Each structure stands twice: as structure tokens, then as C-alpha cells.
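Colleague: Hello! Could you walk me through this model, starting with one of its charged contacts?

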Amino acid sequence: MSNPSQNLQEYETLFRRNYKRLCQRVHRMLGDMDATEDLVQEVFVQFWNKKDGQAIDNPEAYLHRAAINKALNYAGSQKRRWEIAKQYQQEQDQTTPAGQELELQELQKKVQQSIDALPPMCRKVFLLSRYEEMSHKEIAAFLNISPNTVDNHIKKALAILRKVLLSLLLVVCQIIFRFFS
């Protein structure tokens, strides 16, 4: 096959004689006609591209073997995709909203325990500031202490809670990630 027009004519003949038969064989393996036609067309394109570089003694046997190999590779990749999708779905099912609610309640419980563990005056100042939304001046007047002392108690409480919350950051990130995924 040295003449390009003769090569094209032989290729067309080979395509017309084998395309339907290869599609039927691959379709029996895959059960998906769109994928079957794509794979068989890829086989013919690869055959055309190889023809110039290599001599193929039995083109029909080559096409048959190439189509079967393509179908097997495709079926294997589809099976892996299905397994990954199934595994992902199982992970999603394990993290139910009820599970997230329990994690959030556990987190709130740990924060409350940390607030309860603050020194008494520090806790009182912190609670007045955060839950009663009183200003530093109002707290100072209410507790009969200086505004600087209120600032120091707030800073101390925030530093203690920051340490606790940083240790719980991983849990919070997991909850947020699951919520938005």
C-alpha cells in the first residue's frame, strides 16, 4: 500500500466491512452504544495512524483485537469510576445531619465548659460583655472596678478560650467541610 489514494480506498473498504461487526461485538461487552461507537472509531483512527509506520499482516485480526482491548480497558475504567462514586456516596451517607448536629452540640458543650473554667471575676466580666452586650464602662460601673481591669479580664478570657478553640478547630473545619460539600 504505497499509493495514498489506494491506501484510502483500502481503508474505506476495511472500515465498511468491519465497522458494524466490531460495534456489535463491543456493544455486547459494554451495553452502551455511544461508548461502543466512540471506541470503535478510536480503533480505526489508531489503525489509520499506525498503517504508515508499521506493516500489519492481518488488518481484520488487528482491528478485532484492538477493539476488544479497548472495550476491556473502558469497562475496567468504568468499574473503577463506579466504585469510587459508590465509596464517595457511602462516606456522604455516614455523615448525616444528625451526626453533624451531635458534633456541633459537643463543640458547644466544650466551649461552655471552657467558659465555666474561667476564674470567677474573669467569667463574670466575659459573660456580661458577650451575653449581656454591656460596654466596658457599663461593666466597670456595674462591678465597681476600673475599665482597665475589665479590659484585662476580657483579654485573659479571650486568650484562654482561643487556646481551647484552636484545639477544636479541626472539628469545626470538618463540620463546615461536610456542611458545604
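Modeller: Happily, and we begin with the salt bridge between the side chains of E60 and R17, at 2.7 Å from N to O. A salt bridge here is a side-chain nitrogen of Lys or Arg within 4 Å of a carboxyl oxygen of Asp or Glu. The model is predicted, so local features need pLDDT of at least 70 and side-chain atom pairs count only at pLDDT 80 or more, while totals for chains, interfaces and linings use all residues. Residues are numbered from 1 along each chain as its sequence is written, and side-chain values use heavy atoms, with hydrogens and water left out.

Colleague: In which helices do E60 and R17 lie?
Modeller: The helices are DSSP runs (H or I, at least four residues; strands are E, at least two), numbered from the N terminus. The two residues are 43 apart in sequence, so this pair links distant parts of the chain. E60 lies in helix α3 and R17 in helix α1.

Colleague: Is E42 buried or partly exposed, and what about K70?
Modeller: E42 and K70 form another salt bridge, with their closest N and O atoms 3.1 Å apart. E42 lies in helix α2 and K70 in helix α3, so the pair ties together parts that are 28 residues apart in sequence. Buried means under 20% relative accessible area, exposed over 50%, and partly exposed in between (1.4 Å probe, protein chains only). At 37%, E42 is therefore partly exposed, and at 19%, K70 is buried.

Colleague: How many salt bridges does the structure hold?
Modeller: Besides the pairs above, E12 forms a salt bridge with R16, their closest N and O atoms being 3.7 Å apart. Both residues sit in helix α1, 4 residues apart, or about one turn of the helix. For the whole structure, the number of salt bridges is 3.

Colleague: Which elements give two or more residues to the largest nonpolar core?
Modeller: A nonpolar core is a set of buried Ala, Val, Leu, Ile, Met, Phe, Trp, Tyr and Cys residues joined through side-chain atoms within 4.5 Å. The largest one has 15 residues, and those with the most contacts inside it are L22, V26, V40, F44 and L63. The elements giving two or more residues are α1 (4-30), α2 (33-51) and α3 (59-94).

Colleague: Which element gives the largest share of this core?
Modeller: In soluble globular proteins, nonpolar side chains tend to be buried together. In this core, the largest share is 6 residues, and the element they come from is α1.

Colleague: Which residues does V26 touch, leaving aside neighbours within four places in sequence?
Modeller: Contact means heavy atoms within 4.5 Å. With those neighbours set aside, the partners of V26 are T36, L39, V40, A67 and A71.

Colleague: Is the ring pair of Y11 and F44 stacked or edge-to-face?
Modeller: Rings of Phe, Tyr and Trp (its six-membered ring) pair if their centres lie within 6.5 Å; planes under 30 degrees apart count as stacked, over 60 as edge-to-face and the rest as tilted. The centres of Y11 and F44 are 6.2 Å apart and their planes stand at 85 degrees, so the pair is edge-to-face.

Colleague: What kind of pair do Y19 and F44 make?
Modeller: Both Y19 and F44 are buried. Their ring centres are 6.4 Å apart and their planes stand at 45 degrees, so the pair is tilted.
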